[in-house]
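Here is a short report on one protein chain. Look at the model first, then read on.

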Amino acid sequence: YLFDAAAPGGSLDPSEAARLDGWFRGLELGYGDVISIDGPDSASARADVARVAARYGMLVSEGGAPVTAGAIPPGAVRIVVSRTRASVPGCPN
């Protein structure tokens, strides 16, 4: 899942942090999800994204973000949530 957030100078303003919070809420962010940040200002924006992620008991990944399609707009960072799901058809039979 991708979210491009305006982060001029590597900082999310309060309205952009609120938009990110709403996106996380809509995804029902939780255990098993991995949050990554990409873009030229990702190192600077990391603390702002981490503050929002902390509301969900989540950390921002230290590793690089997965490769995504499309260019990141100037003055923005791309937040990527990776989710893994497992299913066992017919379980417990």
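## Aromatic rings

Rings of Phe, Tyr and Trp, the last taken by its six-membered ring, pair if their centres lie within 6.5 Å. By this rule, the count in this predicted model comes to 3 aromatic pairs. One of them joins Trp 23 and Phe 24. Their ring centres are 5.7 Å apart, and the planes meet at 35 degrees. That makes the pair tilted. A pair of aromatic rings is described by these two things: the distance of the centres and the angle of the planes.

Are Trp 23 and Phe 24 buried or exposed? Buried means under 20% relative accessible area. Trp 23 has 18%, so Trp 23 is buried. Phe 24 has 0%, so Phe 24 is buried too. Which residues form the aromatic cluster? Phe 3, Trp 23, Phe 24 and Tyr 56 form one cluster.

## Overall layout

The protein has 2 helices and 3 strands. Read from the N terminus, the order of elements is β-α-β-α-β. The C-alpha atoms fill a box of roughly 55 × 25 × 20 Å along the principal axes.

The protein has 93 residues, and 35% of them count as buried. About 5700 Å² of surface is exposed. Carbon and sulfur atoms supply 56% of that area. Now take the contacts with a separation of 6 or more. Residues 24 or more positions apart account for 73% of them.

## Two paired strands

Strand E1 covers residues 2–6. One face of E1 is covered, with Phe 3 and Ala 5. The other face is uncovered, with Leu 2, Asp 4 and Ala 6.

Which strand pairs with E1? The partner is strand E3, residues 76–82. The two run in the antiparallel sense, over 5 bridges. Ala 5 has a bridge partner in E3, namely Val 77.

## The nonpolar core

In soluble globular proteins, nonpolar side chains tend to be buried together. Here the largest nonpolar core holds 21 residues. Which members touch the most others? They are Leu 20, Trp 23, Phe 24, Ile 35, Val 49 and Ile 79. At least two core residues come from each of E1, helix H1 (14–27), strand E2 (34–38), helix H2 (42–54) and E3. H1 gives the largest share, 5 residues.

Take Leu 20 as an example. Leave out residues up to four places away in sequence, and Leu 20 touches Phe 3, Leu 12, Val 49, Val 52 and Ile 79.

## A buried alanine

Ala 45 sits in helix H2. Its relative accessibility is 0%, so Ala 45 counts as buried. What does Ala 45 touch, not counting residues up to four places away in sequence? The contacts are Ala 7, Gly 10 and Val 77.

Val 77 is also the bridge partner of Ala 5. Now compare Ala 45 with Ala 6. These two are 39 residues apart in sequence. In space, they are 9.9 Å apart, C-alpha to C-alpha.

## An exposed loop residue

Where does Glu 28 lie? Glu 28 is in the loop between H1 and E2. Its phi is positive, about 55 degrees, although Glu 28 is not a glycine.

Exposed means over 50% relative accessible area. Glu 28 reaches 69%, so Glu 28 counts as exposed. By contrast, Ala 45 counts as buried.

Terms used
Residues are numbered from 1 along each chain as its sequence is written. This is a predicted model: local features need pLDDT of at least 70, side-chain atom pairs count only at pLDDT 80 or more; totals for chains, interfaces and linings use all residues. Side-chain values use heavy atoms; hydrogens and water are left out. Buried means under 20% relative accessible area, exposed over 50%, partly exposed in between (1.4 Å probe, protein chains only). Helices (H or I, at least four residues) and strands (E, at least two) are DSSP runs, numbered from the N terminus. Two strands pair if DSSP finds at least two bridges between them. A nonpolar core is a set of buried Ala, Val, Leu, Ile, Met, Phe, Trp, Tyr and Cys residues joined through side-chain atoms within 4.5 Å. Contact means heavy atoms within 4.5 Å. Rings of Phe, Tyr and Trp (its six-membered ring) pair if their centres lie within 6.5 Å; planes under 30 degrees apart count as stacked, over 60 as edge-to-face and the rest as tilted. Accessible areas come from the Shrake-Rupley method with a 1.4 Å probe; for residues, only the protein chains shown count as cover.
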